[in-house]
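The following paragraphs walk through one structure, moving from a loop to a sheet, then to a helix and its ionic contacts. Please keep the sequence and the model in view while reading.

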Amino acid sequence: RISAISPDSHPQYFKDGGEQLRYWMTAYNAWVLYIAASEYPAKNSIWNILGLFRNRDIKLGGKAMTLEDLEHRIIRKRYKEPRIHFYINCAAYSCPPLWPSSIAEGKTWDVLNQAAKRFINDQRNVKFDPAAKRLYLSKIFDWFSEDFLGYLRDQKGNGKPHISQFILMYLDGPQREALANTSPEQITLKYFPYDKSLNEQK
């Protein structure tokens with residue numbers, strides 16, 4: 001059904017931006033899972049530069065495209081919603097884990113909020129060393145830094161955005177207090193290694 005109907009081909013079925021984005025993200029994850037399963041056990045094909053994201057055609061709403069088109073030209077470009085990076089899944093170990101269920105109608109923003117909190121409060125993705133004033137982050141915050149900083153500028157009116165300010169929107173616990181009490185100018189950013197191997201069920 002997702003191959004035949006999309007917000008572009010049948011806009012009347014998608015009442016607002018939240019429902020459109022719910023479709024696109026669900027379609028993205030579904031296609032990643034399908035392609036990963038169809039390629040298994042050739043695990044390295046997931047991140048082959050000429051593989052999954054560049055030359056595998058998919059179809060949505062009757063239109064051919066690639067996953068790269070879907071992520072960068074539709075999901076990121078149209079919606080400018082940085083929390084999508086905590087929901088869409090690339091099937092690698094260091095990607096955000098798959099959400100345990102589909103997004104219910106009208107719940108897109110709630111789920112994205114929950115996904116952001118889950119990802120950011122996992123110390124494999126975000127860890128602050130207050131003594132060294134060093135913030136360790138997933139490479140996702142490096143690769144898509146402009147998505148997060150652009151959100152702070154455009155949606156929060158922050159003229160001098162810093163990634164720590166986005167982190168603080170969702171971080172809980174003792175780390176939050178320590179990070180909040182450290183000025184962005186004092187923080188050094190470091191990025192965790194990104195494990196691109198296939199996240200298969202053990």
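**A buried serine, a sheet and a helix**

Serine 138 is buried, its relative accessibility being 4%, where a value under 20% is what buried requires. The model is a predicted one. Serine 138 sits in the loop that runs between strand 4 and helix 5 (140-143). Apart from neighbours within four places in sequence, the residues in contact with serine 138 are Phe119, Asn125, Tyr191, Phe192 and Tyr194.

Strand 4, which precedes this loop, belongs to an open sheet of three strands. The order in that sheet is 3-4-5, and the pairing is mixed. Strand 3 and strand 5 (188-191) are at the edges and have a single partner strand each, so each has one side without a neighbour in the sheet. From one strand to the next, the twist averages 20°.

The mixed character can be followed pair by pair. Strand 3 pairs with strand 4 in the antiparallel sense, over four bridges. Strand 4 and strand 5 also pair over four bridges, but in the parallel sense. Leucine 135 can be used to trace both pairings. In strand 4, leucine 135 stands opposite phenylalanine 128, and in strand 5 its bridge partner is leucine 189.

Which side chains of strand 3 point to the buried face? Val126 and Phe128 do, and both are buried. Lys127 and Asp129 point to the other face and are not buried, so the side chains alternate along the strand.

Strand 3 and strand 4 form a hairpin, with four residues between them. The loop between strand 3 (126-129) and strand 4 (134-137) contains lysine 133. Lysine 133 has a positive phi, near 55°, and is not a glycine. Most residues other than glycine have a negative phi. With a relative accessible area of 29%, lysine 133 is partly exposed.

A second lysine with a positive phi is found elsewhere in the chain. Lysine 80 is not a glycine either, and its phi is about 45°. Lysine 80 follows helix 3 and lies in the loop between helix 3 (67-79) and helix 4 (108-120). Is lysine 80 buried or exposed? Its relative accessible area is 58%, and lysine 80 is therefore exposed, the cut-off being over 50%.

Helix 3 itself has a number of buried residues: Leu67, Asp69, Leu70, Glu71, Ile74, Ile75 and Tyr79. Isoleucine 75, which is in helix 3, has a relative accessible area of 0% and is buried. What does isoleucine 75 touch, residues up to four places away in sequence not being counted? The list is Leu21, Trp24, Met25, Tyr28, Leu70, Lys80 and Ile84. Arginine 22 is 53 residues away from isoleucine 75 along the chain, and the C-alpha atoms of the two are separated by 9.9 Å.

The structure holds 10 salt bridges, and some of them involve helix 3. The side chains of aspartate 69 and arginine 73 meet in one of these, at 3.0 Å from N to O. Aspartate 69 and arginine 73 are four residues apart in helix 3, so about one helical turn separates them. The two partners differ in burial: aspartate 69 counts as buried at 19% relative accessibility, whereas arginine 73 counts as exposed at 58%.

Another salt bridge joins the side chains of arginine 76 and aspartate 147, at 2.8 Å from N to O. This pair links distant parts of the chain, since arginine 76 is in helix 3 and aspartate 147 is in helix 6 (residues 145-154), 71 residues apart. Arginine 76 counts as partly exposed, with 23% relative accessibility, and aspartate 147 counts as buried, with 19%.

A further salt bridge is formed by glutamate 81 and arginine 83, whose closest N and O atoms are 2.9 Å apart. Glutamate 81 is buried, with a relative accessible area of 10%. Arginine 83 is buried as well, with a relative accessible area of 12%.

Key. Residues are numbered from 1 along each chain as its sequence is written. This is a predicted model: local features need pLDDT of at least 70, side-chain atom pairs count only at pLDDT 80 or more; totals for chains, interfaces and linings use all residues. Side-chain values use heavy atoms; hydrogens and water are left out. Helices (H or I, at least four residues) and strands (E, at least two) are DSSP runs, numbered from the N terminus. Buried means under 20% relative accessible area, exposed over 50%, partly exposed in between (1.4 Å probe, protein chains only). Two strands pair if DSSP finds at least two bridges between them. Axes are lines fitted to C-alpha atoms, for helices over the stretch in contact, and angles run from 0 to 180 degrees between N-to-C directions. Contact means heavy atoms within 4.5 Å. A salt bridge is a side-chain nitrogen of Lys or Arg within 4 Å of a carboxyl oxygen of Asp or Glu.
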